[in-house]
Amino acid sequence: MAAFGESRASTLLNDADVEYFLAVRDAVDILPANRADVAMLIRDGYLAVLPDATLHPREPLSRARALHSLARLLEARSLLQLQKGTARPTTQDSLILRSTKGKDQPVKVAADSFLFRQIGETVYPVRSVALVGGEPVVFHVNAAGEVDYLEVRPAPNGAAADRFSPFSNWTTELSLGQAQARLGRFASGVGSLTDLRVIVRGRSGRVTDLEVVGTDGRRQVLGGRIRSALGLREQLFVIERKYDETGRVTGFTFLGRGWGHGVGMCQVGAYGLARQGFTYEQILKAYYTGIELTRMY
């Protein structure tokens, strides 16, 4: 095989190795003469298995899959000058990539470029890819200075306009005793606290009704009191419980997003929209629907 030489795979992999690495559903369809080569390609990450754990070896390999495999093979041998960087937000149609050296590089993507996007742990060929800034990318620039190969991993902070803020996502941990102390004034008479349960969420997903469960009864904390009672940044949260060996709740972890009362315009979100090129009118109308801006003087 051209990738490994005529007998490298069959020499270095014995039959047990081949069967072990060919853990795909249609391995029986691979021709005996090619089994060792295919096993080595899979082992070294050069040939991607399809989402249904198959290879479809009797079907022609798509151009995109073949290109991805060749790019990986050439990159491993330092024969292909693939570059790594991070996509930067831009208000124009051009693509700005920040290299690992921290330098912003405006580039043009060729019309016939090959595009790939990672979904989960697998990279798939795609017709188009959305970039919002912050995505790790692998790319190749051709002799004309255009990107003809682009591989994109999703940005870890997602695509929301508030993703630029370090305060968008937060975590607060409270022991059972700490939670009871904070809730004491708002949910008295429940005895020893045993659990907290979200009963109702509003249209925005914020908690509007929190049930406080104790040994002597239950109480409900409503609306904005939930945030102030627990000392949380926001009411947009979920609760994870901690348990002891007997299955008794010993504490809570609140995983939340945002910092405020959840009404009106988010300052961080407005800043993020501005970085994406939104005008002040577009930003205002994103938060306040059905409005018109008019000059009053």
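Let us start with a pair of charged side chains: Arg218 and Glu211 meet in a salt bridge, with N and O atoms 3.6 Å apart. Keep in mind as you look that this is a predicted model. Arg218 is partly exposed, at a relative accessible area of 47%, whereas Glu211 is buried, at 13%. Glu211 is also joined to Arg197 by a salt bridge, here with an N to O distance of 3.9 Å. That second pair links distant parts of the chain, since Arg197 sits in strand 8 and Glu211 in strand 9, 14 residues apart. Arg197 counts as partly exposed, with 32% relative accessibility.

Which residues belong to the network that these shared partners create? Salt bridges with partners in common join Asp195, Arg197, Glu211, Arg218 and Arg241 into one network. Side chains of opposite charge can pair when their charged atoms come close. Across the model, the count comes to 14 salt bridges.

Now step back to the strands around these residues. Strands of a sheet pair through backbone hydrogen bonds, either parallel or antiparallel. Strands 8, 9 and 10 form an open sheet of three strands in the order 8-9-10, and their pairing is antiparallel. At its edges stand strand 8 (193-201) and strand 10 (217-222), each of which pairs on one side only. From one strand to the next, the twist averages 20°. Strand 8 and strand 9 (residues 207-214) run antiparallel and are joined by seven bridges. To follow one of the pairings by eye, find Val200, whose bridge partner in strand 9 is Asp209.

A second sheet waits further along your tour. It is an open sheet of three strands, ordered 7-12-11, again with antiparallel pairing. Strand 7 (169-175) and strand 11 are at the edges with a single partner strand each, so one side of each has no neighbour in the sheet. Here the twist from one strand to the next averages 20°.

Within this sheet, strand 11 (residues 237-243) and strand 12 (residues 249-257) pair in the antiparallel sense over seven bridges. Two places help you trace the pairing: Phe237 has Gly256 in strand 12 as its bridge partner, and Lys242 stands opposite Gly251 in strand 12. What happens at Gly247, in the hairpin of strand 11 and strand 12? The hairpin has five residues between the strands, and Gly247 takes a positive phi near 90° there.

Lys242 deserves another look, this time for its side chain. Glu173 forms a salt bridge with Lys242, and the closest N and O atoms are 3.0 Å apart. This pair links distant parts of the chain, with Glu173 in strand 7 and Lys242 in strand 11, 69 residues apart. Both ends of the bridge are partly exposed: Glu173 has a relative accessible area of 49%, and Lys242 has one of 34%.

Which helix can you use to connect the two sheets in your mind? Look for helix 5 (residues 176-183), which lies across strand 8, strand 9 and strand 10 and runs at about 60° to strand 8. Helix 5 also lies across strand 7 and strand 12, running at about 95° to strand 7.Finally, turn to another part of the chain and find Arg65 in helix 4 (residues 63-76). Is Arg65 buried or exposed? Arg65 is buried, yet this charged residue has no salt bridge. The nearest side chain of opposite charge belongs to Glu59, which is 7.2 Å away, and a salt bridge needs the nitrogen and oxygen atoms to be within 4 Å. The side chain of Arg65 instead reaches a backbone atom, the oxygen of Ala48, at 2.8 Å. Leaving aside neighbours within four places in sequence, Arg65 is in contact with Leu47, Ala48, Leu50 and Leu55.

Note on methods
Residues numbered from 1 in each chain as written. Predicted model: local features only at pLDDT ≥ 70, side-chain atom pairs only at ≥ 80, totals over all residues. Heavy atoms only, no water. Helix = DSSP H or I, 4+ residues; strand = E, 2+ residues; numbered from the N terminus. Buried < 20%, exposed > 50% of the residue type's maximum accessible area, 1.4 Å probe, protein only. Lys, Arg positive; Asp, Glu negative; His and termini not counted. Polar contact = N/O pair within 3.5 Å; in protein donor to acceptor, adjacent residues only side chain to side chain. Contact = heavy atoms within 4.5 Å. Pairing = 2+ DSSP bridges. Axes fitted to C-alpha atoms, helices over the stretch in contact; angles between N-to-C directions.
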